[in-house]
Structure formats: structure tokens, C-alpha cells
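Biologist: Please give a close account of the part of this model concerned with metal coordination, and then set that part against the remainder of the chain.

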Amino acid sequence: MKITLSVIKADIGSIGGHIQPSKRLKETVGDYIKSEGLNKNLIKDFYISSTGDDIAILMSHQKGKLDSDIHKLAWDAFVKGTEVAKKQGLYGAGQDLLKDAFSGNVKGMGPAVAELEFEERPNESFVFFAADKTDPGAYNLPLYLAFVDPMYNAGLMLSPKMDEGFKFVIMDVSYTEADRVIELSSPQDLYDIAALLRDNQRFVVESIHSNNTKEQAAAMSTTRLHNIAGKYTGKDDPVALVRVQGEFPATGEVLSPYNIGHFVAGFMRGSHNGPLMPSKANTTISFFDGPPVVTAQAFSMREGKFTEPADCFDHPFWDYVRDQVSQKALDIRRQGFSGCAMLPYSELEYGGIVEKMKKLDGKFKIKGEKVRV
Ligand code: F6R
Ligand code: MG
Ligand code: MG
């Protein structure tokens with residue numbers, strides 16, 4: 001049976017700042033998807049969860065990627081949710097709905113989307129990732145390590161089902177006219193993949209495909225809100241879907257790189273670097289509007305019907321990792337605005353600094369004459 005998985009997420013308002021959507025907001029979004037999607041047989045199943053201030057709608061259906069009915073269902077659910085957010089006085093109500101009216105699909109309209117279409121395996125297993133207070137480049141390192149590095153993915157050495165490696169489709173997100181992508185395969189293009197994925201702000205993984213079976217393994221959202229709105233309206237807070245087991249990495253291999261707590265862009269005002277903390281599903285945001293968090297929920301699926309999720313980072317092992325990541329967060333926060341604690345000027349998300357620098361630039365004076373030889 002051919003199934004499409006679509007995850008569409010947005011920040012449409014949250015309690016007490018950019019912390020967590022309200023229960024009523026999540027219920028409103030869920031009720032809408034149930035009555036207009038599930039009960040009308042548009043979708044096969046759905047699951048609502050939150051990560052920081054973002055609500056994600058995970059859906060299974062048979063309408064393929066970028067389907068306008070599916071995207072409109074999610075958009076309309078977010079519009080309904082925004083009405084509740086306004087009624088409740090939530091902060092940032094409707095923040096990610098950047099366009100007034102729906103047209104075609106949600107790409108370029110604010111919400112983030114990741115979609116996979118495949119012939120369902122009899123024991124289809126996948127992991128849904130969502131990250132808050134960061135941007136799509138946050139997945140670059142963990143995906144690289146999970147799909148190309150035998151130090152993290154033992155299956156690359158041990159399993160004949162993965163011996164031809166994986167193809168990466170990488171997008172240049174600084175190109176705003178259209179989607180600018182390159183296809184590179186590991187292991188042969190390993191160093192080229194690394195050279196691009198080094199730059200988290202410019203190059204992000206859009207999808208990954210098995211070279212053994214040509215099946216798509218993973219899909220990531222690549223939205224940069226700044227490019228849509230032309231100004232800061234919130235961080236891009238990316239979602240990802242990763243199929244696991246068999247010809248794909250095992251769930252534990254996909255999760256293992258998150259023990260690093262690598263530094264990603266985001267944190268307070270989307271303008272700092274902070275370590276990515278693997279967190280439990282439906283987590284809140286806290287210290288310095290962060291730290292940047294990532295959640296992972298594993299599902300099994302049969303004929304498009306989901307099991308309940310297994311919360312991958314809800315395990316004593318990750319408590320230990322979270323302690324270490326907290327230490328990294330404290331270490332970098334101790335140096336405040338200085339050097340690598342803040343993003344470079346070109347990436348600062350608040351327009352105020354641009355005005356400030358312009359004003360200061362006019363106050364500079366040239367002292368003395370340059371001695372010419
Ligand atoms: C970062 C984020 C928050 C806000 C901060 C100020 O992605 O959402 O850190 O930038 O709380 O928010 P405003 O400018 O809405 O008062
Ligand atoms: Mg937000
Ligand atoms: Mg967010």
C-alpha cells in the first residue's frame with residue numbers, strides 16, 4: 001500500500017511567551033483534523049504533539065506529497081487554532097501564518113513541512129523529529145553521522161542492506177528564487193557532503209535516499225521564515241521524518257548522534273549559539289528561551305494507522321546527556337554576547353542591531369592621515 005506521511009508544524013501562539021502552546025489550542029487543532037480530515041476519509045490517521053512553542057500535525061494519507069487538500073486541512077486547523085490563541089491571549093497568536101489566504105500548499109506560507117511517500121513495509125517504522133529555538137541546519141550533523149559514519153551507524157559496516165550507502169539531496173537555503181539543490185552520494189562524495197553540511201546556515205539536508213533500494217529514507221523541512229517575510233518573525237524550528245530499520249539505519253543509530261549536544265543557531269531571540277538538548281515529547285522551553293531542543297517520537301504503522309508513539313528521549317540514558325548539555329549551555333551563556341556565543345552579524349535575527357550599527361557607523365571619525373610610502 002502506497003502511503004504518504006506529512007508532518008506540518010507551526011507556532012501559532014503559546015503560554016507566557018514563546019514557551020508552550022495551551023492544551024485548548026492543541027485540542028482545537030486536533031479536533032479540526034479529526035472532523036475535517038479523518039472523519040471525511042481524507043487522511044488515514046493523525047497525531048498532534050508539541051515541541052516548545054510549536055504544534056506539529058503528523059498525518060498519513062494516500063494523496064502524495066504537496067497535496068493541496070492535505071496542506072489546506074493543516075492550514076485551516078492552524079487558522080482555527082489561531083482563533084483560540086487570540087481568545088486565550090496567547091503570545092504570538094498566528095505568528096507563523098505569514099500569508100492571508102491559502103494557495104496551493106503551505107510551502108512558503110510559514111508552516112514547516114516534511115513529507116515521505118513510500119510503499120509501506122509490513123512493519124513500517126519511522127521516527128518523527130521536531131526541534132525548537134533553532135533552524136533546519138540543526139539536523140545536518142546528526143543526519144551526516146547517522147547515515148554516513150560507521151562510528152555512529154554500525155550497520156554501514158555490518159549490514160549488506162546498507163552497503164551502497166545513501167544519497168543526500170542538499171539545499172542551498174540562501175537562494176530564494178527557487179529550490180537550489182545538489183545530489184551527492186556517500187561514501188564516494190563523503191568529503192563534498194561534509195564540506196557543504198559544515199555550513200548549517202546555508203546548506204541543509206532536504207532528503208536522504210537508500211542507494212541499495214532507491215527508497216526515500218528521510219525528509220526534512222527547509223523553511224527559512226526570514227526569506228518569506230523579509231524580516232524576523234520567529235526561528236524556523238525544523239521537523240524531520242526518518243524511516244528506520246532494515247535497509248535504513250536502526251532507530252538507535254539515528255538517535256545516537258544526539259548525545260553530542262552540538263552547538264546550533266537559535267536560543268534567545270534566534271540570535272545565539274546553544275547546544276541542542278534531546279528532550280521528551282511535548283517539552284516546554286525555559287533557560288534563556290532555550291536551550292534549543294529536539295524531540296523524537298518513534299511510530300509503527302500498518303495500512304496508514306499509527307501506533308501510539310514511543311518517546312525516544314524519555315529514558316534514563318538521556319537524563320545523563322541532558323545534564324551534560326545543560327553544562328554546555330551554562331558554559332557558553334557565561335560569555336553573554338561575546339564572540340561565538342552570538343551569531344555573526346549576517347545571521348542576527350533582530351533588525352534593531354542593523355539600525356544601531358548604521359547609527360554608530362555615522363559617528364566614526366578618521367583620525368590623522370594615512371602615511372603613504
Ligand atoms: C526565539 C524566540 C524567542 C523570542 C524572545 C523575544 O526563536 O522565539 O527567544 O525571540 O522571547 O520575543 P518577542 O520579540 O516576541 O518579545
Ligand atoms: Mg516561536
Ligand atoms: Mg518555535
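Modeller: A donor is here an N, O or S atom within 2.8 Å of the metal (3.2 Å for Na, K and Ca), and because water is not among the atoms, sites may look incomplete. The model is predicted: local features require a pLDDT of at least 70 and side-chain atom pairs a pLDDT of 80 or more, whereas totals for chains, interfaces and linings use all residues. Residues are numbered from 1 along each chain as its sequence is written, chains are lettered from A and ligands numbered from 1 in the order in which they are written, and side-chain values use heavy atoms, with hydrogens and water left out.

The magnesium ion (ligand 2) takes its coordination from Asp11 (OD) and Asp53 (OD), at 2.1 to 2.3 Å. These two residues bring together distant parts of the chain, 42 residues apart: Asp11 lies in the loop between strand 1 (2-10) and helix 1 (23-38), and Asp53 in the loop between strand 2 (45-51) and strand 3 (54-61). Helices (H or I, at least four residues) and strands (E, at least two) are DSSP runs, numbered from the N terminus. Asp11 has a relative accessible area of 1% and is buried; Asp53, at 2%, also counts as buried. In this usage buried means under 20% relative accessible area, exposed means over 50%, and partly exposed lies in between (1.4 Å probe, protein chains only).

Asp53 also serves a second ion. It bridges the magnesium ion (ligand 3) and the magnesium ion (ligand 2), which lie 3.4 Å apart. The magnesium ion (ligand 3) is coordinated at 2.0 to 2.8 Å by Asp53 (OD), by Asp54 (OD), which is listed twice, and by Asp132 (OD) and Asp237 (OD). Along the chain, the donors of this ion follow the spacing D-D-x77-D-x104-D. Here too, distant parts of the chain are linked, since Asp53 sits in the loop between strand 2 and strand 3 while Asp132 belongs to strand 5 (residues 124-132), 79 residues away. Asp132 is buried, with a relative accessible area of 0%.

Further along the sequence comes helix 3 (residues 140-148). Eight of its nine residues are buried, so this helix is largely enclosed by the rest of the structure. The buried residues of helix 3 are Asn140, Pro142, Leu143, Tyr144, Leu145, Ala146, Phe147 and Val148.

Several loops deserve attention as well. The loop between strand 7 (181-185) and helix 5 (190-197) contains Asp189, and Pro187 lies in the loop between strand 7 and helix 5 too. A cis peptide bond, with omega about 5°, joins Ser186 and Pro187. Asp189 is partly exposed, at 22% relative accessibility, and its C-alpha atom is separated by 9.3 Å from that of Lys167, 22 residues apart along the chain. Another cis peptide bond joins Gly290 and Pro291, with omega about -10°; Pro291 is placed in the loop between strand 13 (277-279) and strand 14 (293-302).

Positive phi values in residues other than glycine are found at Leu66, near 55°, and at Phe267, near 60°. Leu66 is in the loop between strand 3 and helix 2 (68-88) and is partly exposed, at 40% relative accessibility. Phe267 is in the loop between strand 11 (263-266) and strand 12 (272-275), and counts as buried at 1% relative accessibility.

The protein as a whole provides the setting. Its secondary structure comes to nine helices and 16 strands, and buried residues make up 55% of its 373 residues. The radius of gyration is 21 Å, in agreement with the value near 21 Å for a compact globule of 373 residues; it is taken over C-alpha atoms, and the globule rule is 2.2 Å times the number of residues to the power 0.38. The C-alpha trace spans about 80 × 55 × 45 Å along its principal axes. Of the contacts (heavy atoms within 4.5 Å) between residues at least 6 apart in sequence, 70% join residues at least 24 apart. The protein exposes about 17100 Å², of which carbon and sulfur atoms supply 52%; accessible areas come from the Shrake-Rupley method with a 1.4 Å probe, and for residues only the protein chains shown count as cover.
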